Amino acid sequence: MKLQYVRAFIVLLAGLITLIMNIKTGKDVNTSLLIVLIVIIIFYVIATLIVEILQKSLMKTNDANDEEDAEHTEETEGTGEELYDEEEEEPVLFEEEE
């Protein structure tokens, strides 16, 4: 889900660049719209492939990290060396002054 907007960003950027180029070259509106439609379809397919590849590589990285964490937990279990994330600690509450 981290990559949900990558596909749309790539497609819209390609469409924008194509529109700017068509305006600068002075192409007819119908021809320009046809070219933009073709570019959007092509870049949608390319962006979909990129997102799938990135998701698979992120999943492999996460799986490798999970395995390393599990191995480290098994090694330190019962020795008092368990890992604690600083983010998971309870917040310190301050007393109100009267």
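**Figure 1. V51 in helix α2 of the predicted model.** V51 sits in helix α2. V51 is buried, at a relative accessible area of 2%. That value falls under the 20% cut-off for burial. Setting aside neighbours within four places in sequence, V51 contacts L3, V6 and R7. Q4 belongs in this view too: the C-alpha atoms of V51 and Q4 are 8.3 Å apart. Along the chain, 47 residues separate V51 from Q4.

**Figure 2. Q55, also in helix α2.** Q55 counts as partly exposed, with a relative accessibility of 29%. Q55 and L3 lie 52 residues apart in sequence. In space, their C-alpha atoms are 7.6 Å apart. L3 also appears in the previous view, where L3 is one of the contacts of V51. V51 itself is buried, whereas Q55 is partly exposed.

**Figure 3. Helix α1 and its buried face.** Helix α1 covers residues 6-25 and has 20 residues. From the first C-alpha to the last, α1 reaches 29 Å. The span expected at 1.5 Å a residue is 28 Å, close to that value. The buried residues of α1 are V11, A14, G15, T18 and N22. Viewed down the helix axis, these residues fall within an arc of 95°, so they line one face of α1. The face turned away from the buried side carries exposed residues: F9, L12, I23 and K24. Just after α1 comes G26, with a positive phi of about 75°.

**Figure 4. T18 on the buried face of α1.** T18 is placed in helix α1. Its relative accessibility is 12%, so T18 counts as buried. Not counting residues up to four places away in sequence, T18 touches I35, V36 and V39. T18 shares the list of buried α1 residues with V11, A14, G15 and N22.

**Figure 5. N22, a buried residue of α1.** N22 is found in helix α1. N22 has a relative accessible area of 5% and is buried. Which residues does N22 contact, leaving aside neighbours within four places in sequence? They are K27, S32, I35 and V36. I35 and V36 are also among the residues that T18 touches.

**Figure 6. F9 on the exposed face of α1.** F9 lies in helix α1. At 56% relative accessibility, F9 counts as exposed. The cut-off for exposed is over 50%. F9 shares the face turned away from the buried side of α1 with L12, I23 and K24. A47 is 38 residues from F9 along the chain. The C-alpha atoms of F9 and A47 are separated by 9.0 Å.

**Figure 7. A nonpolar patch on the surface.** The patch is formed by L34, L37, I38, I41, I42, F43, Y44, V45, I46, L49, I50 and L54. Together, these residues have about 1,100 Å² of accessible area. I46, one of the patch residues, lies in helix α2, which covers residues 29-76. I46 is partly exposed, with a relative accessible area of 37%. V51 of the same helix, α2, is buried at 2%.

**Figure 8. The protein as a whole, for orientation.** The predicted model has two helices and zero strands. What share of the 98 residues is buried? Buried residues make up 12%. Among them are V51, T18 and N22. The accessible surface comes to about 9,100 Å². Carbon and sulfur atoms account for 61% of that surface.

Notes:
Residues are numbered from 1 along each chain as its sequence is written. This is a predicted model: local features need pLDDT of at least 70, side-chain atom pairs count only at pLDDT 80 or more; totals for chains, interfaces and linings use all residues. Side-chain values use heavy atoms; hydrogens and water are left out. Patches are made of residues with over 30% relative accessible area and no salt bridge: like charges are joined within 9 Å, nonpolar side chains (Val, Leu, Ile, Met, Phe, Trp, Tyr) within 5 Å. Accessible areas come from the Shrake-Rupley method with a 1.4 Å probe; for residues, only the protein chains shown count as cover. A salt bridge is a side-chain nitrogen of Lys or Arg within 4 Å of a carboxyl oxygen of Asp or Glu. Helices (H or I, at least four residues) and strands (E, at least two) are DSSP runs, numbered from the N terminus. Buried means under 20% relative accessible area, exposed over 50%, partly exposed in between (1.4 Å probe, protein chains only). Contact means heavy atoms within 4.5 Å. The expected span of a helix is 1.5 Å times one less than its number of residues. The arc is that of the directions from the helix axis to the C-beta atoms.
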